[in-house]
Amino acid sequence: HIPTSTVDDPSTGERLPFQPGYDEASAAPVKSMMTSLKKAGYSPELWQYDPEIPDDEREDRLQYHTEKKALAWALQHFPQGSSITVRKTIRCCVDCHNAFKIASHAYGRTLRILDQVRMHEF
């Protein structure tokens, strides 16, 4: 099972899927969002990946988790101040939980991640 995230397009109501890993379409929005989050106090939870992997590669893998890709897209397409809910097919990791918490404050929005077990709301 490949983990995915979805977010509802506010203009069409269509549920848009986001796949794990790097892709050209999401690279710029994700990098921009992650830069903003780091300025707001975000620090990647690198311990979540094998310590044999170099830190820069671990950080790169973390930033392209599906829920972060969905959030970066939604921040560009949802009206300013609106809430954003991302649905996740597996559990939300600690790094994404922390990133959403910081993003909620940084962007002044209510953010939710609905995973298989709980709703994370910030």
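Which residues does Ile 53 touch, not counting residues up to four places away in sequence? The contacts of Ile 53 are with Arg 58 and Arg 61. Please keep in mind while reading that this is a predicted model.

## Ile 53 and helix H2

Let us stay with this part of the chain for a moment. Ile 53 sits in the loop between helix H1 (24–39) and H2. Its relative accessible area is 15%, so Ile 53 counts as buried. Lys 88 follows Ile 53 by 35 residues along the chain, and the C-alpha atoms of the two are separated by 25 Å.

Helix H2 itself is home to Glu 57. Is Glu 57 buried or partly exposed? Glu 57 has a relative accessible area of 35%, which means that this residue is partly exposed. From Glu 57 to Leu 46 the distance is 9.5 Å, C-alpha to C-alpha, for a pair 11 residues apart in sequence.

## The largest pocket

Arg 61, one of the contacts of Ile 53, turns up again in the largest pocket, where Pro 20, Tyr 49, Arg 61, Tyr 64 and His 65 are the residues nearest the centre. The lining has 17 residues in total, and the volume of the pocket is about 200 Å³.

What kinds of residue make up the lining? Sorted by class, nine are nonpolar, three are polar and five are charged. Two helices deserve a mention here: H2 (55–63) and H3 each contribute at least two residues to the lining of this pocket.

## An aromatic cluster around Trp 73

Next come the aromatic rings. Searching the whole structure turns up two aromatic pairs. In one of them, Phe 18 and Trp 73 have ring centres 6.3 Å apart and planes at 50°, so this pair is tilted. Phe 18 belongs to strand S2 (residues 15–18) and Trp 73 to helix H3, so the pair ties together parts that are 55 residues apart in sequence. Trp 73 also pairs with Phe 78, and here the geometry is edge-to-face, with 6.3 Å centre to centre and 85° between the planes.

Taken together, Phe 18, Trp 73 and Phe 78 form one aromatic cluster. How accessible is each member? Phe 18 has a relative accessible area of 11% and is buried. Trp 73, at 17% relative accessibility, is buried too, because the limit for that label is under 20%. Phe 78, with a relative accessible area of 12%, is likewise buried.

## Two cysteines without a bond

How many disulfides does a search of the whole structure find? The count is zero. Cys 93 and Cys 96 show why a candidate pair can fall short: the sulfur of Cys 93 has its closest cysteine sulfur in Cys 96, 3.6 Å away, and that is too far for a bond. A disulfide would need the two sulfur atoms within 2.5 Å. Seen from the other side, the closest cysteine sulfur to that of Cys 96 is in Cys 93. Cys 96 is buried, at 0% relative accessibility.

## Gly 81 and its loop

Moving on from helix H3 (66–77), the chain enters a loop that leads to strand S3 (84–88), and Gly 81 lies in this loop. With a relative accessible area of 47%, Gly 81 is partly exposed.

Which residues does Gly 81 contact, leaving aside its neighbours within four places in sequence? They are Gly 108 and Arg 109. Thr 110 is 29 residues away from Gly 81 along the chain, and their C-alpha atoms are separated by 8.0 Å.

## Leu 114 in strand S4

Our last stop is strand S4 (residues 111–114), where Leu 114 is found. Leu 114 is partly exposed, with 27% relative accessibility.

Beyond its neighbours within four places in sequence, Leu 114 is in contact with Thr 85, Val 86, Arg 87, Lys 88 and Met 119. Among these partners, Thr 85, Val 86, Arg 87 and Lys 88 fall within the range of strand S3 (84–88). Asn 98, by comparison, is 16 residues from Leu 114 in sequence and 15 Å from it in space, C-alpha to C-alpha.

Note on methods: Residues numbered from 1 in each chain as written. Predicted model: local features only at pLDDT ≥ 70, side-chain atom pairs only at ≥ 80, totals over all residues. Heavy atoms only, no water. Helix = DSSP H or I, 4+ residues; strand = E, 2+ residues; numbered from the N terminus. Buried < 20%, exposed > 50% of the residue type's maximum accessible area, 1.4 Å probe, protein only. Contact = heavy atoms within 4.5 Å. 1 Å grid on protein atoms, 1.4 Å probe; cavity = no way out; pocket = protein on both sides within 12 Å on 5 of 7 lines; lining within 4 Å. Points joined across faces, edges and corners; volume = space filled by probe spheres on them. Nonpolar A, V, L, I, M, F, W, Y, C, P; charged D, E, K, R; others polar. Phe/Tyr/Trp six-rings, centres within 6.5 Å; stacked < 30°, edge-to-face > 60°.
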